[in-house]
Amino acid sequence: MLYLELKNVSKNYDGKNKIIKDISLGIKKGEFIVIVGPSGCGKSTLLRMVAGLEDISDGDIVIDKAVVNNISPADRDIAMVFQNYALYPHMNVLKNLSYGLKNRKISKDEIEKRVVSISKLLQIEELLHRKPSELSGGQKQRVAMGRAIIRKPKLFLFDEPLSNLDAKLRHQMRIEIRKLHDKLGITSVYVTHDQVEAMTLADRIIILNGGKIEQIGTPKEIYENPNSIFVSKFMGTPPMNIIKAKVKNSTIEIGDISIDLKNSYNEEYIHVGIRAEDISLSDFNNSIKLRVDIDMIEHLGSESFIYSTIENNPIIVKSSEFIETKEDKLDIYINTKKLYFFSDKEGKIL
Amino acid sequence: MKKVQFNNRFIPYLFILPQISIIAIFFLWPSAMAVYYSFILEDAFGISSEFVWFENYKSVLLDSDYIASLGFTLIFSVLVTFFSLAIGLFLAYKTDKSIKQKGLYRGLFMWPYAIAPAVVGLMASFFFSQSNGDLYNFLNYLGWEFEPKSDPLSAQIMLIFVASWKQISVNFIFFLSGLQAIPKSIIEASLIDCKSSIKRFWTIIFPLLSPTTFFLLITNIVYAFFDTFGLIDTTTRGAPMGETKTLAYKIYQDGFLGADIGGSSAQSVLLMIFILVLTIFQFKYLEKKVHY
Ligand SMILES: Nc1ncnc2c1ncn2[C@@H]1O[C@H](COP(=O)(O)OP(=O)(O)OP(=O)(O)O)[C@@H](O)[C@H]1O
Ligand SMILES: [Mg+2]
């Protein structure tokens, strides 16, 4: 059963350009949905429309069977965590946590009970009497989470909640957010432009591009079956290698090798995708050899990235060995079973 | 910050000299003169003068005129400060919330700021003139016997009205920029947390504006005490019977028109002390409630 539903939702700010273009989707109760996409693609706009902070130009938003288009943010029973935390600077942590509850006429005893349990859960018990200005970034983040959780809302909305934290803390909070979700089971919509967050947090990922849904699916589906070049390049570090190749009589030519296409295809060019981990430096079954020009090698300790090109197409190769070579050419072996083919004009999977 | 070392240790003093001399010439010197004259009694022709210690203060404080003026000044200042702050804040809040025509409202509400107090007074005397003043006619038409020339209450209300009106635009500008400085996400967080916009205003917006409000409170009180001088001088001149005389205006009347230099000097010293105490009090007690 769907808990949050968007039906043909559109948004334009100026009456001309549609920022959100006719989006429909359904989210089940308890799901953790992550919306990813490049900057300016409309992620925040979409989330804010669900929250009620932004008008809906067209379509319907349904939360728990009720159309909420004209319902105020306070009455939608949602909670939102903002990128810059948006804690009330003049209230201490305790008041920040209880403000939303007080306004909903929840009894003092109940508020106190929830404050105690939430502050324990988030380990902010010692901070209750501090002002937000006296907290570190990570602590503010916890309080902001607490302010959302304590309400026990129908829906959690997160707008890039971790992007103001340093890498280490971000990693730690990411794990905590997922743990909290598993514990509380509240339906969540989480906006980020960090694909690692998307892969690790989501039950399902929505990839947004230019105000349209590019693909919806579990992290595994998105990673293994990207349905466009855009998605394939967006998910995964390093991004999928894309080689633009000429098509001749249903065979493709890359360098001095040629690959047969299974299906017929009648554009002049085709884009061949291959992930870095499906390329090896030694021969194996179902592999074909490509000779590439080495640009640079990056050593990360546990692995090395080899940045190379073939016919002006950049190719990144991942190796678990420490690669050292004086040569400027290299033989790589790509797994023909793991090739993706995308159309030239639309960039869609074939 | 970079620390600059001067070869000659007097050079820094040279740099602050202009500022110091302005303070000295326009504040310290007159204040000292006021204190000096407040201890002096001159005869009516200004020929002989006598050092009388606190005689001038005594007669000022025992003067029922002075007490009446003090009473009026307090009520006047409180009401002018209250109305100009409240209305300025209200208009700023509404302007900030309006999406369309924001610039238009902002421009219109800011205009009165550019008008000098004396001109405001002049305009007021036209509007409230017995001979065909529009507001005069309107108020009388409503059935209120509004006679600022003869009825003290009418005159006082008129002054409070005009003095507040003049100050609203300044307050409006400060409040508007104060409102715009509140992060949007905090307003949005409160939209989710609290349904009632009135409650939101008092629990979130008003506290976050408190530095602005505190600053304006002090400047508005000072305005009501001192800067309304030109306004009074161009409208009532203390009329009908001295009921619209603020302390500052009374000092001017007694000193320049009444030639009671000693008495008016004593009054200015008292006024100075009063404002000083008031401001210290505000900083000491009210500032604790301000969230910076
Ligand atoms: N209030 C507004 N008025 C007009 N245009 C707006 C407004 N808010 C956002 N936009 C436009 O809508 C588009 C989408 O903005 P949005 O904030 O949703 O992007 P985003 O996906 O959240 O990007 P980011 O990752 O940078 O946060 C942008 O082109 C932006 O310029
Ligand atoms: Mg955004």
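This talk goes through a predicted model, starting with chain B, moving to the ligand site in chain A, and ending with some backbone details.

Chain B first. Its secondary structure comes to 13 helices and two strands. There are 292 residues in the chain, and 39% of them count as buried. If you lay the C-alpha trace along its principal axes, the spans are about 75 × 75 × 30 Å. The chain exposes about 17,400 Å², and 70% of that is supplied by carbon and sulfur atoms. On contact order: take the contacts in chain B between residues at least 6 apart in sequence, and 66% of them join residues at least 24 apart.

Now to one element of that chain, helix 8, residues 184-193. Seven of its 10 residues are buried, so the helix is largely enclosed by the rest of the structure. The seven are B:Ser185, B:Ile186, B:Glu188, B:Ala189, B:Ser190, B:Ile192 and B:Asp193. What do the buried residues of helix 8 pack against? On the chain A side, the partners are helix 1 (43-51), strand 6 (78-81), helix 2 (93-102) and helix 4 (137-149). From chain B itself there is helix 9 (197-208). B:Cys194 is also buried, at 2% relative accessibility.

Next, helix 7 of chain B, which runs over residues 152-180. I picked two residues from it. B:Ser169 sits in this helix and is buried, with a relative accessible area of 1%. Setting aside residues up to four places away in sequence, B:Ser169 touches B:Phe109, B:Met110, B:Pro112 and B:Tyr113. The other residue is B:Pro152, also in helix 7. B:Pro152 counts as partly exposed, because its relative accessibility is 25%, and the buried class stops at under 20%. With the same sequence neighbours left out, B:Pro152 touches B:Pro240 and B:Glu243. The C-alpha atoms of B:Pro152 and B:Met241 are 7.5 Å apart, although 89 residues separate the two in sequence.

On to ligand 1. Which residues surround it? They are A:Tyr13, A:Ile19, A:Ser39, A:Gly40, A:Cys41, A:Gly42, A:Lys43, A:Ser44, A:Thr45, A:Glu160 and A:His193. By class, that shell has three nonpolar, six polar and two charged residues. Helix 1 of chain A gives the most to the shell, with three residues. Three side chains have an N or O atom at 2.5 Å from a ligand oxygen: A:Ser39, A:Ser44 and A:Thr45. Taken on its own, ligand 1 has 630 Å² of accessible area, and the protein covers 57% of it.

One shell member, A:Cys41, is buried, with a relative accessible area of 4%. How many disulfides does a search of the whole structure find? The count is zero over all chains.

A:Thr192 comes next. This residue is found in strand 8 of chain A, residues 187-192. A:Thr192 is buried, at 3% relative accessible area. Its side chain makes a polar contact with the side chain of A:Glu197, at 3.0 Å. Beyond four places in sequence, A:Thr192 is in contact with eight residues I will just read out: A:Val34, A:Ile35, A:Val36, A:Gly37, A:Lys43, A:Glu160, A:Glu197 and A:Ala198. Among them, A:Lys43 and A:Glu160 are also in the shell around ligand 1.

Last, the backbone of chain A. A cis peptide bond joins A:Thr237 and A:Pro238, with omega about -10 degrees. A:Pro238 is in the loop between helix 8 (229-234) and strand 11 (241-248) of that chain.

Two residues other than glycine have positive phi values to look at. A:Lys65 has phi near 75 degrees. A:Lys65 is in the loop between strand 4 (58-63) and strand 5 (66-67), and counts as exposed at 64% relative accessibility. For A:Ala86, phi is about 50 degrees. The loop that holds A:Ala86 runs between strand 6 and helix 2 of chain A. Is A:Ala86 buried or exposed? A:Ala86 is buried, at 4% relative accessibility. Strand 6 and helix 2, which flank that loop, are also among the elements that the buried residues of helix 8 of chain B pack against.

How values were computed
Residues are numbered from 1 along each chain as its sequence is written. Chains are lettered from A and ligands numbered from 1 in the order in which they are written. This is a predicted model: local features need pLDDT of at least 70, side-chain atom pairs count only at pLDDT 80 or more; totals for chains, interfaces and linings use all residues. Side-chain values use heavy atoms; hydrogens and water are left out. Buried means under 20% relative accessible area, exposed over 50%, partly exposed in between (1.4 Å probe, protein chains only). Helices (H or I, at least four residues) and strands (E, at least two) are DSSP runs, numbered from the N terminus. Contact means heavy atoms within 4.5 Å. A residue is near a molecule or strand if one of its heavy atoms lies within 4 Å of it. A polar contact is a pair of N or O atoms within 3.5 Å; within protein, one must be able to donate a hydrogen and the other to accept it, and residues adjacent in sequence count only if both atoms are side-chain atoms. Accessible areas come from the Shrake-Rupley method with a 1.4 Å probe; for residues, only the protein chains shown count as cover. Ala, Val, Leu, Ile, Met, Phe, Trp, Tyr, Cys and Pro count as nonpolar, Asp, Glu, Lys and Arg as charged, and the others, Gly among them, as polar. A disulfide is a pair of cysteine sulfur atoms within 2.5 Å.
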